[in-house]
Amino acid sequence: MKTNANEILKNHGMSVTSSRQLILNLFFAQKEGALKHSDIEKQLAELDRVTIYRTLQIFCEKGLIHSIPGNDGVTRYALCHDDCGGGAHHDNHVHFYCIQCGTTQC
């Protein structure tokens, strides 16, 4: 996946907003595992919960990220691969949860 947030947002039919750029860039910077809503809140304290939630929802709908339901009841989110699109995720793969470090990996 390309890492230019503006270009990716436009290519997926979304308007470019500062909150979308911040959240998408956070996913690009994420080296290990998937992100929880609370992880994003901690790292991007300037954004409110509702903005983060709505951004995650639209990113899922447009095929930028996919959701990973956790055994703990917490949903995590990870970047999709290039072949995902709006309403057509190809995320039917195994997700591993590390009990030592607490990360979820695709």
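## Reading helix α4 and its sheet

A: Let's start with a layout: α4 lies across β2 and β3, running at about 110 degrees to β2. The angle is taken between N-to-C directions on a scale from 0 to 180 degrees, with axes fitted as lines to C-alpha atoms, for helices over the stretch in contact. This is a predicted model, where local features need pLDDT of at least 70 and side-chain atom pairs count only at pLDDT 80 or more, while totals for chains, interfaces and linings use all residues. Residues are numbered from 1 along each chain as its sequence is written, and side-chain values use heavy atoms, with hydrogens and water left out.

Q: What pattern does the protein chain follow along the sequence?

A: Helices and strands here are DSSP runs numbered from the N terminus: H or I with at least four residues for a helix, E with at least two for a strand. The protein chain has 4 helices and 5 strands, and they come in the pattern α-α-β-α-α-β-β-β-β.

Q: How do I check the span of α4?

A: The recipe is 1.5 Å times one less than the number of residues. Helix α4 covers residues 49-62, so its 14 residues should span 20 Å, and its end C-alpha atoms are indeed 20 Å apart.

Q: And which residues of α4 are buried?

A: Buried means under 20% relative accessible area, exposed means over 50%, and partly exposed is in between, using a 1.4 Å probe and protein chains only. In α4 the buried residues are Ile52, Thr55, Leu56, Phe59 and Cys60. Looking down the axis of α4, they fall within an arc of 135 degrees, so they line one face of the helix; the arc is that of the directions from the helix axis to the C-beta atoms. On the other side of α4, Arg54 and Glu61 are exposed.

Q: What do the buried residues of α4 pack against?

A: A contact means heavy atoms within 4.5 Å. The partners are α1 (5-11), α2 (18-29), α3 (37-43), β2 (65-69) and β3 (75-79). Take Thr55, which is buried with a relative accessible area of 4%: leaving out residues up to four places away in sequence, Thr55 touches Ser19, Arg20 and Ile23. Ser19 sits in helix α2 and is buried too, at 12%. Besides Thr55, the contacts of Ser19 beyond four places in sequence include Leu47 and Thr51. Ser19 and Leu47 are 28 residues apart along the chain, yet their C-alpha atoms are separated by 7.1 Å.

Q: What should I look for at the ends of α4?

A: One thing to look for is a polar contact: a pair of N or O atoms within 3.5 Å, where within protein one must be able to donate a hydrogen and the other to accept it, and residues adjacent in sequence count only if both atoms are side-chain atoms. At the start of α4, a side-chain oxygen of Asp48 comes to within 3.1 Å of the backbone nitrogen of Val50. Just after α4, Gly63 has a positive phi of about 85 degrees.

Q: In what order do the 3 strands of the open sheet stand?

A: Two strands pair if DSSP finds at least two bridges between them. Here the order is β1-β3-β2, with antiparallel pairing. β1 (35-36) and β2 stand at the edges with a single partner strand each, so one side of each has no neighbour in the sheet. β2 and β3 pair over 5 bridges, with Ile65 opposite Leu79 and His66 opposite Ala78. Their hairpin has 5 residues between the strands, and there Gly73 takes a positive phi near 85 degrees.
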